[in-house]
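Let's sit down with a model and learn to read it one feature at a time. Bring your questions as we go.

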Amino acid sequence: MILACKNISKSFGTTQILNNVSFHINDREKVAIVGINGAGKSTLFKIIMGELSHDEGEVIFSKGASIGYLAQHQELSTDHTIYDEVLSIKADVIRIEETIRQLEIDMKSVEGEELERMLNTYTRLTHQFELQNGYAYKSEVIGVLKGLGFTEEDFDRKVATLSGGQKTRVALGKLLLSNPDIIFLDEPTNHLDMESIAWLETFLSNYNGAVVVIAHDRYFINKVVTKVIEIDNTKATVFEGNYSDYAVKKEQLRETLIRHYLNQQREIKHQEEVITKLRSFNREKSIKRAESREKMLDKMERLEKPTTVNAEMSIRLEPNITSGNDVLTVSGLTKSFGSNQLFSDLEFEVKRGEKVAIIGNNGTGKTTILKIINQIIDADAGEIKLGAKVHIGYYDQEHHVLDMNKTIFDEIQDTYPNMDNTKVRNALAAFLFTDDDVFKLIRDISGGERGRVSLCKLMLSDANFLILDEPTNHLDIVSKEILENAIANYTGTVLYVSHDRYFINRTATRILDLTHNTFVNYIGNYDYYVEKKPEFELRYFGISAEDPHTFGDAKGNILSGLRVNAAPSAPIASEIISENKQDWKQQKEEQAKQRKRQNELKKVEEEIHQLELRDEELNALLADPTIFSNSKKLVELTTEQNNNNERMEELLELWESLSE
């Protein structure tokens, strides 16, 4: 065991954040700490690291354990380059190397006892150098930097000129290379693109020490961790397994707690009814019995009502206006910023009901595409065509649609004045704003909470085509699940940019990968994309899972992975576009077949309905006494009914076939 937390409690004023939180972490164990925003996850980290005092309890590390910690925000201020700053973590190895090289020079000019002494020192230092992976430390540094998304052109950039997210990546690189016995990472994936996150997953999974992460990236948690510690309502609960295991066990636990709570509530109600009945007899013995039961009831340890936020707070989206089948058609789209060409000659379509995810590395132009579609910026070339009755709803990361001086409640009600107070509250509750929370000023709430208000406004609009830019950023896991369910059940059309692979996996029906200045189309979710991408890139870009990768692991060993040999030539690019068009053609044909089946199904259902109505009329006519005296009419109606019954059988068989 490398860490034990025993009965940690912490309050800020009258607000209890943590209450008797206890858990332990074993050597080499990979652990995630999860919980809603504000649950106390970062507070717990700061207490463990000694940055914040705790009211009660103790934190115990194993003797001599080395510790590494990465907070969410880093303020590195140095004139070092990125490479030199990260290389500085290897200062001890570099000093040993310099001493070894100097000894090699000095030993040439000495002999006797002095040479013997130098040889002994040389042997000892060489052994130490090998133990510290000295022969590979430079490739190790380069591998980590590239793994975290820095190119060799970035290596000479000054750290002081970097953005906050880039500084965090530099700090993460230094931490990983320091190789401590236990690493604490607070939202490590926030500033990484998909390839860098995948690299970090592999690095941490193979890491020789313990890892503790605070993360909302469920796909990342699934890949890395073997234990989940949930902070909920000031308490900590430990779940063995990854995120999927946790989600199943959490639901089972929640159901058990609810069942126990409801059973106790029934028992309390029963006892109260018995007490009331005994008192109503107004006899000495009955009153004593009532008092005895009251004492027992007072001593009962009342169970807290379990949190049921997932069950109660959900939203179903239905656009008021149905768009045409062709929602968006983009052709020849090209955009550059100066000499940096993001993409050229992009062509794609979005059909009604699709949920399309745009993915790709940072800086490839994903958000730019959304802004061009929304006419926020202009394209250099190309055409964007919206279909009939298409109404766009746009969600941006900056939340420009919000008035910072309004309360959350007023922001919704002023936008939708026809909604009464109850409907406004219900809508906000679906995005986790309840009770007095709805009267908070928007300027006073967190970025994640502003994101939820923006999403609430968007979901209530008349839009039938949602365009979302990183909709899950800053959302906690519960909020993400609510949004996922809303998108998955949405009957309109969605186009979004996201790095959240779990979210993509749950919601996307198609993925557009923006790579090598063009789109590659994958008709499926994120797991399908992961399965098919190596096959596609090997075919067109000379990328192989067997090729050596430029990334190194924690020990400087070369990892296998995907490597781009060269940019695609013009004929290959042409072939990619041709294949994508072929994919579109096949998809259009399939969609046309589906529409034809749906139309036929509708016609069959209508004919069945008409036959049922006619059958009711025929039954009424055949029950009419006047028909019995008219044999010709009786035969005619009976024949019609028999024919209708035969036709009904045919239609029902056809309906079953079309439904399948």
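What follows is a dialogue between a learner and a teacher about this predicted model.

Q: Where do I start: how many helices and strands does the protein have?
A: Begin with the overall inventory. Here the protein has 21 helices and 20 strands. Of its 660 residues, 45% count as buried. The protein exposes about 34300 Å², and carbon and sulfur atoms supply 47% of that area.

Q: What share of the contacts links residues 24 or more positions apart?
A: Among contacts with a separation of 6 or more, 67% are between residues at least that far apart, 24 or more positions.

Q: Which elements have the lowest and the highest mean pLDDT?
A: pLDDT is the predictor's confidence in each residue, from 0 to 100. For the protein the mean is 83, and 88% of the residues reach 70 or more. Among the elements, strand β3 (residues 30-34) has the highest mean, 95, while strand β20 (residues 558-560) has the lowest, 32. Over residues 545-570 the pLDDT is below 50, and this stretch has 59 contacts in the model beyond near neighbours in sequence.

Q: How can I check the length of a helix, say α7?
A: Multiply the rise per residue by one less than the number of residues. Helix α7 (residues 194-205) has twelve residues, so at 1.5 Å a residue the expected span is 16 Å; the end C-alpha atoms are 16 Å apart, in agreement.

Q: What caps the N-terminal end of α7, and which of its residues are buried?
A: For the cap, look for a side chain reaching a backbone nitrogen at the helix end. Asp193 does this for α7, with a side-chain oxygen 3.3 Å from the backbone nitrogen of Glu195. The buried residues of α7 include Trp199, Leu200 and Phe203, and Glu201 is also one of them.

Q: What does Tyr394 contact beyond its neighbours in sequence?
A: Place the residue, then list its partners. Tyr394 sits in strand β14 (residues 392-395). Leaving aside neighbours within four places, Tyr394 is in contact with Leu370, Lys371, Asn374, Ile376, Leu458, Ile467 and Asp469. The C-alpha atoms of Tyr394 and Tyr496 are 9.6 Å apart, with their positions 102 residues apart along the chain.

Q: Where is Asn133, and is it buried or partly exposed?
A: Look at location, backbone angle and accessibility together. Asn133 is in the loop between α4 (112-131) and α5 (137-147). Its phi is positive, about 60°, although Asn133 is not a glycine. Asn133 counts as partly exposed because its relative accessibility is 24%.

Methods
Residues numbered from 1 in each chain as written. Predicted model: local features only at pLDDT ≥ 70, side-chain atom pairs only at ≥ 80, totals over all residues. Heavy atoms only, no water. Helix = DSSP H or I, 4+ residues; strand = E, 2+ residues; numbered from the N terminus. Contact = heavy atoms within 4.5 Å. Buried < 20%, exposed > 50% of the residue type's maximum accessible area, 1.4 Å probe, protein only. Polar contact = N/O pair within 3.5 Å; in protein donor to acceptor, adjacent residues only side chain to side chain. Areas by Shrake-Rupley, 256 points an atom, 1.4 Å probe, with all protein chains shown as cover.
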